[in-house]
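Welcome, and please take a moment with the model below before the questions start.

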There are 2 protein chains.
Amino acid sequence: MSNVKVPPLLEPGPSGVVVSCCPPLTERPLTAEEAERTAAMFKALGDPVRLRLFSAVASHESGEACVCDISDVGVSQSTVSHHLKRLKVAGLLTSERRGTWVYYRIEPSVLAAMGKLLATTSTA
Amino acid sequence: MSNVKVPPLLEPGPSGVVVSCCPPLTERPLTAEEAERTAAMFKALGDPVRLRLFSAVASHESGEACVCDISDVGVSQSTVSHHLKRLKVAGLLTSERRGTWVYYRIEPSVLAAMGKLLATTSTA
DNA sequence: CACCTATGTTGACACATGTCAAACCAGCGT
DNA sequence: ACGCTGGTTTGACATGTGTCAACATAGGTG
């Protein structure tokens, strides 16, 4: 699997803040590299199970959720773990182990960055 | 070509306006069906080539573009056509033939709907 | 320590997907 | 009619992806 290391869609900044990589889709045609990064982000959310997991974490109080709280999405536990890892690798989630349980929380600026991508530059 | 299998992420409304199908991801965990619809939309944009094509159309003047204007994305023309069809089936683009050329335009409310999905309802 | 629960990892497998070449269709010229 | 250009469809193929069962690891509790 060491073929193509997908560059992170959002680059971690100095203060733990992430920076959006790309301009709004409506501003100008994305370059190949921009599209590669941005598509990775969309692709991460392009699976129903992952989207439910992401939504479950994002909507949880305090912005974080234990795996045990969100793993009821109709697939096996190992599959849940697999998808959570994909979301983590994609930079959309972070995880932290506290005692017995592992907590996932969303990378807050991700939503803003994606929102910016979809923002209509026009005055719509 | 009327065998639409994937349920449209956005439902066409009375006045040609489309209606968003799902609440913001941060509002509450998506249901299985909601996730299915929404993921289809993200998946459509989850490929670099498709994303470039979509961006190329979205950023084109007058919101539409001839295939010949956007097909320079590094893959064969048939592949471009294939991706454009996928975007069309996903409800993100529409196409119209005018004489020799085929023009694609974006479904305008798609961007707004996806933006809503990513909107942070909290005062964060 | 042994045991149990909560997650993650690995291996295997079926299915979806991206790609191209080649055949095909649709207009526009001459 | 013919050919030519723009686009789509089809067939084939390699790769990617989602899934589970089985195994592994981490951290509690007895």
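What follows is a short conversation about the DNA strands and one sheet.

This is a predicted model in which local features need pLDDT of at least 70 and side-chain atom pairs count only at pLDDT 80 or more, while totals for chains, interfaces and linings use all residues. Residues are numbered from 1 along each chain as its sequence is written, chains are lettered from A and ligands numbered from 1 in the order in which they are written, and side-chain values use heavy atoms, with hydrogens and water left out.

Visitor: Which element gives the largest share of the surface near DNA strand D?

Guide: Happy to help! A residue is near a strand if one of its heavy atoms lies within 4 Å of it, and 26 residues surround DNA strand D. By class they are eight nonpolar (Ala, Val, Leu, Ile, Met, Phe, Trp, Tyr, Cys and Pro), six charged (Asp, Glu, Lys and Arg) and 12 polar (the others, Gly among them). Taking helices (H or I, at least four residues) and strands (E, at least two) as DSSP runs numbered from the N terminus, the largest share, five residues, comes from α4(A).

Visitor: What is the distance from a backbone N or O atom of A:Ser76 to a phosphate oxygen of DNA strand D?

Guide: A polar contact is a pair of N or O atoms within 3.5 Å; within protein, one must be able to donate a hydrogen and the other to accept it, and residues adjacent in sequence count only if both atoms are side-chain atoms. The side chain of A:Thr79 has an N or O atom 2.8 Å from a phosphate oxygen of this strand. For the backbone atom of A:Ser76, the distance is 2.7 Å.

Visitor: Which residue of chain B has a polar side-chain atom 3.2 Å from a base nitrogen of DNA strand C?

Guide: Of the atoms of DNA strand C within 4 Å of the protein, 75% belong to sugar and phosphate. One phosphate oxygen, for instance, is 2.8 Å from a side-chain N or O atom of A:Tyr104. The contact with a base nitrogen belongs to B:Ser78.

Visitor: Which strands stand at the edges of the open sheet in chain A?

Guide: The sheet has the antiparallel order β3-β5-β4, where two strands pair if DSSP finds at least two bridges between them. Six bridges join β4(A) to β5(A). One side of each edge strand is left without a neighbour because each has a single partner, and these strands are β3 (64-66) and β4 (93-98).
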